[in-house]
Structures are given as structure tokens and as C-alpha cells.
Amino acid sequence: MISSSLSRRSLLKAGAAGLAASALPFGLARAQTPIVLGAVYVGPRDDFGWNQAHAVAMDILKQVPGVTVVEEENVPETDAVSKSMESMINLDGANLVLATSFGYYKPFVIESAKKYPAVQFRHAAPLWNKDTDPANAGSYFCYLNQAHYVDGVAAGLSTKTNKIGFVAAKPIPSVLSNVNSVLLGAKSVNPNATVQVIFTGEWSLPVREAEAANALIDAGCDVITCHVDGPKVVVETAEARGVMTCGHNASQAPLAPKGFITGAEYKWETIYKLYADALSKGEALPNFTVGGYHNDMIRNTAYGAGATPEAIKAADAAIEGLKAGKPIYVGPLKDNTGKVVIEGTKDNYDPELDGMSYLLEGVVGSTT
Amino acid sequence: MTAVVSPAPIAASRGLDPRAISSIEAILIPVGALVASAILFSVFLLALGKSPLTFFSLVWTGGFGSAFSIQNSLQRAAPLILTGLAFAIPARIGLTLLGAEGALVLGGFSAAAVAIPLVTFGFPAFIGLPLMALAAMLAGGVWIGLAGWLRHYRGVNETISSLLLGYIAIAIMNFFVEGLLRDPASANKPSTMPMGDAYRVGSIPGTSVHWGLAAGLILAVVLYILMTRTTFGFAARMTGGNVRAAKAQGLPVGFLVVTCCAIAGACAGLAGFYEIAAIHGQANASLVAGYGFTGILVAFLARQNPLAIIPVAIMFGALDAAGGLVQRRMAMPDATVLVLQGIIFVVLLVSETFYGRIPFLQPRKTGDRT
């Protein structure tokens with residue numbers, strides 16, 4: 001009996017809070033409340049990778065007048081992230097929460113968005129579904145495979161052995177798309193180029209990443225690139241072995257003064273500035289924001305000492321092509337078991353590519 | 001050495017009987033260790049040019065300062081009580097087991113795996129959830145029980161075997177989650193089939209804390225009674241004190257060892273069940289969150305006392321909850337709270353040497369004063 005009356009009381013309280021919250025936005029818009037952005041990272045802010053790419057963008061926002069940024073790093077994909085987001089809302093007054101790790105979305109972002117309808121939540125993966133998910137949640141994502149395609153073009157003209165090594169985390173669509181894009185980029189300028197891939201099985205396993213890089217170099221690869229959370233170890237290992245590198249996520253150019261060619265980098269600040277602008281004008285935030293080269297959401301790292309003049313020329317041309325919407329996946333394409341997986345030519349944002357489960361012909365490696 | 005030179009007979013102490021002395025010590029020494037850790041950590045902060053005062057006031061705000069903060073701390077404490085028990089119970093029988101992490105993962109995974117047919121065939125939650133909890137406790141119990149069995153019957157070092165079994169448990173989960181039991185919809189984060197809202201363990205009414213906290217509190221009390229007020233507990237503690245003596249007395253040492261380990265595994269497995277049923281709603285790599293290892297710290301600080309685990313776990317939960325606030329307000333890295341935890345742990349280990357050696361609590365030696 002006691003528990004049921006308690007729960008009824010708490011329900012009433014929650015209802016009252018909900019009413020108060022729904023009344024708030026009007027007051028907020030008029031009072032010009034400060035914009036507080038809360039960012040949650042799954043790893044350290046200085047990992048030379050995924051988290052750093054976000055943190056660098058947030059640092060740019062800190063310079064914008066009227067914007068306060070609060071950040072938390074190393075937040076695991078458990079209820080800890082719900083609590084971190086709630087803490088930012090309750091104790092720091094955050095009005096937009098940016099959840100930057102894939103596993104934060106379900107159930108944590110969805111549930112928190114339902115609990116705090118007056119706060120906006122945006123998550124860095126194209127997962128938001130307008131039919132089932134709360135209207136104050138949303139997704140943003142950059143198609144980094146376009147920059148990996150450019151990496152492939154530059155690598156294809158820089159390699160002497162025609163073997164490009166790829167250290168990959170998990171055989172999931174977003175990673176496979178990057179591996180395949182490197183291959184297609186390289187093949188577009190060098191028909192003999194192949195990509196050899198090793199999956200480490202985890203997002204961050206520095207020891208295995210170094211082993212994989214060494215194994216690829218031992219197998220004759222003279223350009224190494226990767227898709228892991230923090231590419232630092234891979235790039236440093238390759239540089240120490242005297243081979244060339246292409247980066248991933250953030251700039252690794254300082255780690256490889258001799259062999260760095262270019263790298264695929266996110267440009268999250270484009271999206272974050274868009275959000276901050278919309279908040280300051282009191283406009284609604286877009287629920288779904290994705291992009292690539294055509295709308296300035298990714299970039300390639302400035303060319304390093306490893307890039308040959310021809311490579312730079314071809315890579316610049318590839319960037320111009322992507323900006324104009326030139327497709328990467330031109331069919332028919334076979335996977336590396338000989339099965340035709342792409343019949344026609346796919347637009348660079350074709351949703352079918354989001355479900356990619358294969359390695360294309362020319363990639364040495366297996367997803368299983 | 002002086003004690004050897006003048007072996008004075010111990011006369012009456014200052015009216016304190018030994019039991020009172022040991023309970024005073026049991027409070028004074030851990031609290032003293034915490035204070036000493038706080039002072040050491042303040043020196044660390046000052047060296048970095050940060051204010052210790054700000055730090056500790058933020059810890060208070062973030063851990064206990066509001067209804068939200070308290071619930072945040074309690075929620076984070078919930079799995080730590082259970083994994084703390086998973087270390088403490090075998091410790092009473094003299095075993096150092098590091099397998100709680102693996103038992104938690106395997107327990108959580110078993111719960112999610114059992115849920116697949118239950119949800120598919122539409123069993124109601126009041127039947128399904130207890131079955132899942134049972135599966136989780138059974139899986140964890142068997143896993144750690146195995147380490148106990150290996151210890152007693154094959155002489156395998158239980159610390160090493162339980163630690164390695166933990167890695168195997170995680171590998172087993174990954175194998176199934178990324179293969180046979182993978183939900184096809186979970187493309188970029190391999191997971192088992194989502195259980196749906198009907199199969200959710202809710203919150204304790206009036207709070208946002210899930211029922212795992214209540215389970216931890218109840219188990220802590222039950223296990224305290226078991227270990228201190230029953231013949232089983234007495235036999236287990238006696239075995240922990242001296243295995244040979246216990247064997248000579250005819251105690252079933254093998255049974256006691258395996259049972260204590262199985263209880264420990266069941267506690268960790270239950271923590272896994274709540275992670276699945278109250279939080280994730282499906283099994284995936286996020287289950288490996290380190291609660292099993294933090295539980296070791298909790299049990300150590302609580303001196304393997306099941307009741308003391310409760311406040312210690314809440315303290316760790318509060319530190320964890322406040323860690324985010326410290327990051328945000330003081331611009332300090334996430335590792336800050338880990339440094340504090342590390343200092344606490346080391347100081348605590350050192351403080352163990354003070355038991356029975358605090359001068360003013362010792363019986364007065366009257367030899368050369370008469």
C-alpha cells in the first residue's frame with residue numbers, strides 16, 4: 001500500500017514537473033538564456049582520434065560569445081552516460097546535450113530525451129527515427145568514407161608495393177565502408193592497388209593495433225591507415241617502421257613527420273556551430289543532419305611529407321569531384337568472394353550503403 | 001626490541017575490553033585512512049594549482065548535494081554492492097578471487113540469452129524476470145564455483161584462475177553476441193535481441209534508482225548474518241583462519257570453499273542481471289564496464305564485512321557521480337577521481353598494519369611502573 005501511494009505521489013510530481021517544463025521554452029526564448037552545450041565523450045579528449053575530433057570542435061565553440069561548453073570524458077556506454085547527461089542538465093543548466101559515442105543512443109539518449117522534454121539531445125550517428133524517437137532528440141553524422149576515398153587516391157599514387165594496409169576495429173558497416181572507399185580511391189588512380197585489412201575486434205586495443213600494423217608492414221604494405229578510436233599507435237608504429245601513413249578521425253600529422261600522406265578528418269564544428277546559431281536565434285534545431293564534402297562536414301588533413309606531387313594533384317581533384325557529388329560506388333561491384341554486391345551506381349548518401357556487410361574485390365581480408 | 005628486553009606481564013587495560021577495542025579500531029582506522037587520503041590528495045591538487053576546497057565541495061554537491069545527486073550516487077553504488085560482496089565472501093574463507101567482472105558479464109549475458117525465448121513466446125514478465133535472474137545467478141555461481149573447485153580439488157591458484165575465467169567469460173559473450181545471438185538490427189553495435197519495455201525492471205518507487213540497489217542491500221544483510229551468525233559462516237571463517245585446523249576438525253572444507261565461491265558468483269551474476277534488465281535491455285559489449293574490479297576496492301575498504309560494503313559502495317558511487325562535475329567545473333581530466341581512489345587504496349593497505357598497534361588503545365604494560 002505504502003509503495004503504491006508513493007508511486008502515485010511521485011507520478012503527480014513528475015506530471016507537475018512536466019507541465020512546468022513544457023511551459024518553460026517560451027519564457028526561455030524571451031529571457032535570452034545562456035546557451036550551455038554539454039558534450040559527453042566515451043574516451044579521453046586527447047586521443048588523437050574520434051573523441052579529439054569532437055573536443056577540437058567544442059574548443060572552437062568555446063570562443064563563441066554567449067556559449068558555455070561543459071564536457072565529460074571517459075564516460076562508458078552504461079547508465080553512467082544517462083547520469084552524466086542528467087547531471088549536466090540539472091547542475092549546469094545544459095540546453096543541448098551532444099552524446100558523441102555510438103552506444104549512447106539506445107536506450108540512454110532516447111530515455112533521457114523523454115525524461116527532459118525541454119532539453120535538446122543530439123547523437124553522433126544516423127540512428128534517429130522520426131516515427132519512434134522523441135522529437136527533442138536527433139542525429140548528426142559525417143560520411144567520413146568520402147575523405148577515406150581521397151586518402152585512397154593519394155595512397156594509390158604514393159605506394160610502391162601497391163599494397164595498402166588497413167587496421168580496422170570491427171567488421172561493421174561504418175568501418176567496412178571506409179575500407180572499401182580506400183580501395184576504390186586507390187584503384188581509381190592505380191588499378192593494381194590492393195588493400196589488406198586486419199580487424200582487431202575492439203575500438204581501442206593499442207597493443208593489438210600495433211601488432212596488426214607490424215603484420216601488415218611485414219606483409220609488404222608500404223602505406224598504413226586505420227579505423228580505430230585512437231589512431232595514434234598505428235600511425236606511430238608505421239612511422240617508426242619507415243612506411244607511409246594516412247590518418248583517421250583527427251589530425252595525426254604531428255605523429256608522422258616523415259611518412260604522413262593525408263588523413264580523413266571530421267569537421268564537427270560545422271554542425272556544432274549550426275546548433276549554437278539555431279539556439280541563439282531561438283530556432284528549432286534540425287533533427288537529422290548528415291553530410292560530407294558537399295556541405296563542409298569533413299576534410300582531409302593537410303598533405304604531409306609522404307605525399308608525392310602527383311598524389312596531391314589527384315587527391316585535390318578527387319575532393320573537387322566529391323564536392324560536386326561524384327559517386328564513389330560505381331557498379332557493378334563484386335565483393336572479395338566474387339559475388340556482385342552493388343549492381344548500379346550508388347549516390348554517396350544512398351541508405352543502402354549504410355548496411356554494408358562486405359569487403360570489395362581487391363581487399364584482402366575477411367569480415368568473419 | 002624493547003618489548004623483548006622487558007617482557008612485562010599485561011595487566012588490566014584502561015577498562016576497555018578487547019571487543020570494544022577491536023570495534024573502535026574497526027571504525028577509527030578506516031576513517032583515519034580516509035582522512036589521510038584526503039590530505040594526501042589535497043597536496044596533489046595544490047601541486048596542480050587547484051583548490052582542494054573546491055574539489056571536496058564539488059564532490060559533496062555531485063555526490064549528495066541534491067535529491068538528483070543522491071540518486072545518482074545510489075544508482076552507481078548498486079552494482080558495486082553486489083560485486084563487493086562477490087569479493088568479500090570468498091575472502092572470509094581465505095580466497096582472493098578476481099572473477100566478479102567475468103561472472104557479472106556471463107550472468108548478464110545468460111539473462112539476456114534466456115530472455116530471447118521467453119520474450120519470443122510471450123511469457124509474462126513476472127515469470128520471465130525471475131527466470132532470467134535465476135539464470136544469471138546460476139551462470140555466475142557456476143563460473144566462480146569452478147574457480148573454487150579448481151582451488152580445492154586441483155590446487156590451482158584461485159586468483160589467477162578466476163581472473164582468466166573472467167576473460168573467457170567476456171570472450172564467450174562476444175562470441176555469441178557477434179554471432180549466433182546477434183540481433184540483425186544491431187548492425188554497428190552487435191547486441192542480442194532487445195527485450196522490450198515489458199521486460200524492464202523498473203525503479204524503486206519515488207526514485208530513479210533501479211531495484212538492483214534493494215537487492216544489494218538485502219543480500220548484504222543476509223550474507224552478513226550467514227557469515228557471522230550461522231554454523232556455516234563460523235565454519236567458513238574457521239577454514240579461512242586455518243585450513244588444516246578446519247580439516248582436522250572434520251569440517252567439509254571442499255563444500256565450504258565451493259559454496260562460498262558460488263555465492264560470490266551468484267552475487268556478481270545478479271549484478272549482471274540488473275545491468276541487463278534495468279539498464280541495457282539487451283546484452284552487448286557495454287556490459288564490460290569494470291564494476292567487478294571496482295568491487296574489489298569496495299570490499300577491501302569495507303574489510304570484507306558485508307554490512308560495511310553498503311556505505312563504502314555508496315561512497316564510491318558518490319565519487320563516481322561527482323567525477324563528472326569535477327571534470328566540468330575544474331577543467332580536470334577524468335583520471336582525477338582515479339588518482340583519489342588509488343591513494344585511498346594504498347593508504348588503506350598501509351593502514352591495515354595499524355590494527356593492534358595504536359598506542360593509546362593498547363593494554364597498559366605495568367611491569368616497570370610498580
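This briefing looks at how chain B meets chain A and how the two domains of chain B meet each other. The model is a predicted one, where local features need pLDDT of at least 70, side-chain atom pairs count only at pLDDT 80 or more, and totals for chains, interfaces and linings use all residues. Residues are numbered from 1 along each chain as its sequence is written, while chains are lettered from A and ligands numbered from 1 in the order in which they are written.

**Where chain B meets chain A**

- On this interface, 20 residues of chain B are in contact with 27 residues of chain A (in contact means C-beta atoms, placed from the backbone, within 7 Å).
- Two elements of chain B, α4 (67–92) and α13 (306–330), give two or more residues each to the side that touches chain A (helices are DSSP runs of H or I with at least four residues, numbered from the N terminus).
- The top contributor to that side is α13(B), with five residues.
- Sorted by class, that side of chain B has eight nonpolar, nine polar and three charged residues (Ala, Val, Leu, Ile, Met, Phe, Trp, Tyr, Cys and Pro are nonpolar; Asp, Glu, Lys and Arg are charged; the others, Gly among them, are polar).

**Inside chain B: two domains**

- Chain B splits into domain 1 (25–50 + 334–356) and domain 2 (72–331), with bounds from an automatic or database domain assignment.
- Taken over C-alpha atoms, the centres of domain 1 and domain 2 of chain B are 27 Å apart.
- Here, 11 residues of domain 1 of chain B are in contact with 10 residues of domain 2 of chain B.
- On the domain 1 side, α2 (18–47) and α14 (335–351) of chain B each supply at least two residues, and α14(B) gives the most, with seven.
- That domain 1 side holds seven nonpolar, two polar and two charged residues.

Notes
Contact = placed C-beta atoms within 7 Å.
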